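Q: I would like to learn how to read the inside and the outside of a protein model. Could you take me through it step by step?

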Amino acid sequence: MIEALVGAAVGVLTIVTARFIRGERWLYSLGLLTLPSLYASFALQAGEQAVGAKEMVYGVPFVVAGLFFAFVSVRQSAVVVGLFWLLHGLYDLAHSQVITNTGVPGWYPIFCFVVDAVIGSYLLWLSRRIPDANLRQA
């Protein structure tokens, strides 16, 4: 339960930070790049280089989407980037069935799922709520 509450707080803090620094155009997209690297770093810390490489292979779609959409307006990318965040949240929940990575802390999948769900849901909401003119300035 604590990991979910902390995950929600981190998700909200990320959104507030992005709005404060006017980074909504690129922050969420580039954030997708970090998602697979976190799981890979857990594997490397556990001395499992092959698992780390496998984590990065599974992370390729997130890296490609993050790099591509970092250069696209928020209005054009919010839905797709939001869906990628939500997709990663589902990956967090199913991670232990997909890859055996002994380096992942027990609390991490729920924490990351909640962060991903908060950010992904916000981006989907944002895509519907803010007029095009405001998004072009973000």
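A: We go through the core, then a charged residue, then a surface patch, bearing in mind that this is a predicted model.

Q: Which residues touch the most other members of the largest nonpolar core?

A: A nonpolar core is a set of buried nonpolar residues joined through side-chain atoms within 4.5 Å. Here the largest one has 27 residues, and those that touch the most other members are Tyr28, Leu32, Val81, Trp85, Tyr108 and Leu123. Two or more residues come from each of α1, α2, α3 (49-69), α4 (74-98) and α5, and α5 gives the most, with eight residues.

Q: What does Val81 touch, leaving out residues up to four places away in sequence?

A: With those sequence neighbours not counted, Val81 is in contact with Tyr28, Ser29, Leu32, Phe69 and Leu123.

Q: Where is Asp116, and how far away is the nearest side chain of opposite charge?

A: Asp116 lies in helix α5, which covers residues 108-129. Asp116 is buried yet forms no salt bridge, and the nearest side chain of opposite charge, that of Arg19, is 19 Å away. Apart from residues up to four places away in sequence, Asp116 touches Leu35, Trp85, Leu86, His88, Gly89 and Asp92.

Q: Is Ile21 buried or partly exposed, and which nonpolar surface patch includes this residue?

A: A residue counts as partly exposed when its relative accessible area is between 20% and 50%. Ile21, at 42%, is therefore partly exposed, and its place is in the loop between α1 (2-20) and α2 (27-45). Together with Phe20, Trp26, Leu30 and Leu67, Ile21 makes a nonpolar surface patch of about 510 Å².

Key
Residues numbered from 1 in each chain as written. Predicted model: local features only at pLDDT ≥ 70, side-chain atom pairs only at ≥ 80, totals over all residues. Heavy atoms only, no water. Patch = residues over 30% accessible without salt bridge, like charges linked within 9 Å, V, L, I, M, F, W, Y side chains within 5 Å. Areas by Shrake-Rupley, 256 points an atom, 1.4 Å probe, with all protein chains shown as cover. Salt bridge = Lys/Arg side-chain N within 4 Å of Asp/Glu carboxyl O. Helix = DSSP H or I, 4+ residues; strand = E, 2+ residues; numbered from the N terminus. Buried < 20%, exposed > 50% of the residue type's maximum accessible area, 1.4 Å probe, protein only. Lys, Arg positive; Asp, Glu negative; His and termini not counted. Contact = heavy atoms within 4.5 Å.
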